[in-house]
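User: Hi! I would like to learn how to read strands, helices and surfaces in a protein model. Could we go through one together?

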Amino acid sequence: MVTPRFCCRNRRIVSDAILDISGLTKVYPGGLKALENVDLTIRRGEIFALLGPNGAGKTTLIGAVCGLVRPTSGTIRAFGHDMAREWRQARRRIGLVPQELATDMFEPVERAVSYSRGLFGLAPDPARIEQILRSLSLWDKRDARIMALSGGMKRRVLIAKALAHEPDLLFLDEPTAGVDVELRKGMWAIVDEMRARGVTIILTTHYIEEAELMADRVGVIDKGRLLMVDEKEAMMARLGRTEAHITLAQPLAAIPPALSPYPIELENDGRALCYRGGDGTGRGKTEVAEITKALTAAGIDYTGIDVRESSLEEIFVSLLGEDKAA
């Protein structure tokens, strides 16, 4: 079993925390453990990306916070309210864009969004609804029935409904699933605008490059357990690796003795050297420089070198691989 690795500051209760989850566990009838002792603190104004494969517990975690799933044990505090006893006070400040397109398809867009506002006890505000629809490029579709919209536009309607009651915390559960590349870019621009207005956002996504682009912090969940929570840049620095491919002028039959201390292999019938190492502290780049100097000192010419760092996706895959191997 992999020991969850948390950023040390994650469990510190900070003054700007708006969501604090402690020991959250959910066991469904039949024994399926969807969440296991989850601890998580969300800070005001951040974008937090929750990554994990299908069935990892992402949607269950969101459902527990939004009152759609009853936890087996543990506590959830949102905006200082205990969600088990004071859920009404907290829930009105939380918005949810669900993974499934669950809405009345026969309703016109504007009426559906206005209705969502009323569900939270807020007075009608046509100007606010118009502002939301315009920001999502839905104003021209305000009288269209939702069933007549494209998949991407239906996603935008879900976001509009979630924003109608002006939440301070917004959950986006796979918001760009089934949306084409152009609409995905537009929707992430909308997310950026919401963050600029002070909305805290928690998102799940299968498009890890989106988390790498947008998120401040990242959590990796698998089999109901949080394997890691950390600042995105810190995670990539600590767990990232350096990979370098050096194209040789002449093939080698064996790795020169001067390179034996390094994690390096011959490839392409001896025409290239491949280095895979580093520990996220910059050591990888330093060792690549040392390798090139050693090649020059040994009189071995090379015609090209390609150096790259691990992406967030590679780190994510590596963490899940460790978990499955444990």
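User: Let me start with strand pairing. How many bridges join S4 to strand S9, and do they run parallel or antiparallel?

Analyst: Happy to help, and please keep in mind that this is a predicted model. The general idea is that strands of a sheet pair through backbone hydrogen bonds, either parallel or antiparallel. In this case S4 and S9 (residues 200-204) run parallel, and four bridges join them. To find the place on screen, look for leucine 50, which stands opposite threonine 204 in S9.

User: Which strand pairs with S4 over four bridges in the parallel sense, at residues 217-222?

Analyst: That is strand S10. Here you can look for leucine 51, whose bridge partner in S10 is valine 220.

User: Why is S4 described as largely enclosed by the rest of the structure?

Analyst: Start with the general idea: in a regular strand the side chains alternate between the two faces of the sheet. A strand can therefore be read one face at a time. For S4, one side carries Ile47, Ala49 and Leu51 and the other Phe48 and Leu50, and all of them are buried, leaving both faces covered. Strand S4 (residues 47-51) is largely enclosed because five of its five residues are buried. Buried here means under 20% relative accessible area.

User: What is the strand order in the sheet that contains S2 and S5?

Analyst: The order is S3-S2-S5-S6, an open sheet of four strands with antiparallel pairing. Its edge strands are S3 (33-43) and S6 (81-82), each pairing on one side only. The S6 edge is easy to check: two bridges join S6 to strand S5 (residues 73-78), and the two run antiparallel. One such pair is alanine 78 and its bridge partner in S6, histidine 81.

User: Which helix packs on that sheet, and what does it touch?

Analyst: Helix H1 (residues 58-65) does, touching strand S2 (17-27), S3 and S5. The direction of H1 makes about 120 degrees with that of S2.

User: How should I read the burial of H1: how many of its residues are buried?

Analyst: For a helix, the general idea is that an α-helix has 3.6 residues a turn, so residues three or four places apart point the same way. In H1, seven of the eight residues are buried, so the helix is largely enclosed by the rest of the structure. The buried ones are Lys58, Thr60, Leu61, Ile62, Gly63, Ala64 and Val65. Just after H1, you will also find glycine 67 with a positive phi of about 80 degrees.

User: Now the other open sheet of four strands, the one with S13 and S15. What is its order?

Analyst: This sheet runs S13-S14-S12-S15, with antiparallel pairing. Strand S13 (264-267) and S15 stand at the edges with a single partner strand each, so one side of each is left without a neighbour in the sheet. On average, neighbouring strands of this sheet are turned by 20 degrees against each other, direction ignored.

User: How are S13 and S14 connected, and which turn residue has a positive phi?

Analyst: They form a hairpin with four residues between them, and asparagine 268 in the turn has a positive phi of about 55 degrees. The pairing of S13 with strand S14 (residues 272-277) is antiparallel and covers four bridges. Within it, glutamate 265 stands opposite cysteine 274.

User: Which helix lies across this sheet's strands?

Analyst: Helix H9 (residues 283-297) lies across strand S12 (242-248), S13, S14 and S15, and runs at about 170 degrees to S15.

User: Let us turn to the surface. Which residues form a nonpolar patch there?

Analyst: Tyr302, Ile305 and Val307 do, with about 230 Å² of accessible area together. Tyrosine 302 is in strand S15 (residues 302-309). Its class follows from its relative accessibility: at 32%, tyrosine 302 counts as partly exposed.

User: And where is arginine 145, and what does it touch?

Analyst: Arginine 145 is in the loop between helix H4 (126-135) and helix H5 (151-163). With 46% relative accessibility, arginine 145 counts as partly exposed. Leaving aside residues up to four places away in sequence, arginine 145 touches Met105, Phe106, Glu107 and Pro108. The C-alpha atoms of arginine 145 and glutamate 110 are 9.2 Å apart, although the two are 35 residues apart in sequence.

User: How many helices and strands does the protein chain have in total?

Analyst: There are ten helices and 15 strands. Of the 326 residues in the protein chain, 48% are buried.

Notes: Residues numbered from 1 in each chain as written. Predicted model: local features only at pLDDT ≥ 70, side-chain atom pairs only at ≥ 80, totals over all residues. Heavy atoms only, no water. Pairing = 2+ DSSP bridges. Contact = heavy atoms within 4.5 Å. Axes fitted to C-alpha atoms, helices over the stretch in contact; angles between N-to-C directions. Patch = residues over 30% accessible without salt bridge, like charges linked within 9 Å, V, L, I, M, F, W, Y side chains within 5 Å. Areas by Shrake-Rupley, 256 points an atom, 1.4 Å probe, with all protein chains shown as cover. Salt bridge = Lys/Arg side-chain N within 4 Å of Asp/Glu carboxyl O. Buried < 20%, exposed > 50% of the residue type's maximum accessible area, 1.4 Å probe, protein only.
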